[in-house]
Amino acid sequence: MIFKHDLGGGVDLRILELRHAPALLTLIEENRTYFGEWLGWADTIATVEEAQSFIKRGMTCLAEDGLPWCGIWLHDRMVGGVLCFPVERRIRATSIGYWLSQQATGQGIMTRAARAMLGFAFDDLSLNRVALEAEVGNVRSRAVAERLGFTFEGIRRHGWVNRGQFVDIAVYSLLASDWQGQKAAQ
């Protein structure tokens, strides 16, 4: 499947496919230290085959839930990604995650990419809730959540392990009613 969603300014989302594994690996290699501060998987993907395995998980999510794992491209170069985790069908909920190269930060790219993914989750798939979790100290990810109108729900103490250490997680959510209210206000 070839999919490209134009976000303007040379930025687009593309559903991750196996052919994108070399670009994903290059992105990780160029940002391993930067990503690794918050994303444990950045330390574990060191070959094209490992990048393909990561992408295959996204392909499974797409097949099972209809939620794509997307690469973020700036002028035809992968600079990040945005994904949703498997849907909790009974409550029509998912969680969103994202990453962006250090060089691409500060341009509003992640906010636009995540907003497009949220539109798909709420408008196309009729989900009711999208959660977002970020380490307490990850101020950039938390700022994206806040710009997108997520509600801060609290801190989950020792909610994750990063590089062998327990870390506290800031928990956010956005409901379909919040999303509709944002759209009405625009």
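A polar contact is here a pair of N or O atoms within 3.5 Å, where, within protein, one must be able to donate a hydrogen and the other to accept it. The views below show a predicted model.

**View A. Surroundings of Ser173 in strand β8**. The side chains of Ser173 and Arg129 are joined by a polar contact of 3.4 Å, and the side chain of Ser173 makes a further polar contact, of 2.6 Å, with that of Glu153. Ser173 has a relative accessible area of 5% and is therefore buried, since the term applies to residues under 20%. When neighbours within four places in sequence are left aside, the residues in contact with Ser173 are Arg129, Val130, Ala131, Phe150, Thr151 and Glu153.

**View B. Strand β5 and its pairing partners, β4 and β6**. Because seven of its eight residues are buried, β5 is largely enclosed by the rest of the structure. Strand β4 (residues 77-84) runs antiparallel to β5 and is joined to it by five bridges, with Gly80 having Leu100 of β5 as its bridge partner. The pairing of β5 with β6 is parallel and extends over four bridges, and Ala93 stands opposite Arg129 in β6. Between these two strands the chain passes through α3, forming a right-handed β-α-β crossover.

**View C. The buried side of helix α4 (residues 139-147)**. Ser141, Arg142, Val144 and Ala145 are the buried residues shown in this helix; they cover an arc of only 155 degrees around the axis, which puts them on the same side of α4. Among the elements that cover these buried residues are β5 (93-100), α3 (109-124) and β8 (165-175). Gly149, which follows α4, has a positive phi, near 85 degrees.

Methods
Residues numbered from 1 in each chain as written. Predicted model: local features only at pLDDT ≥ 70, side-chain atom pairs only at ≥ 80, totals over all residues. Heavy atoms only, no water. Buried < 20%, exposed > 50% of the residue type's maximum accessible area, 1.4 Å probe, protein only. Arc of directions from axis to C-beta. Contact = heavy atoms within 4.5 Å. Pairing = 2+ DSSP bridges. Right-handed = clockwise from strand over helix to strand, strands pointing away.
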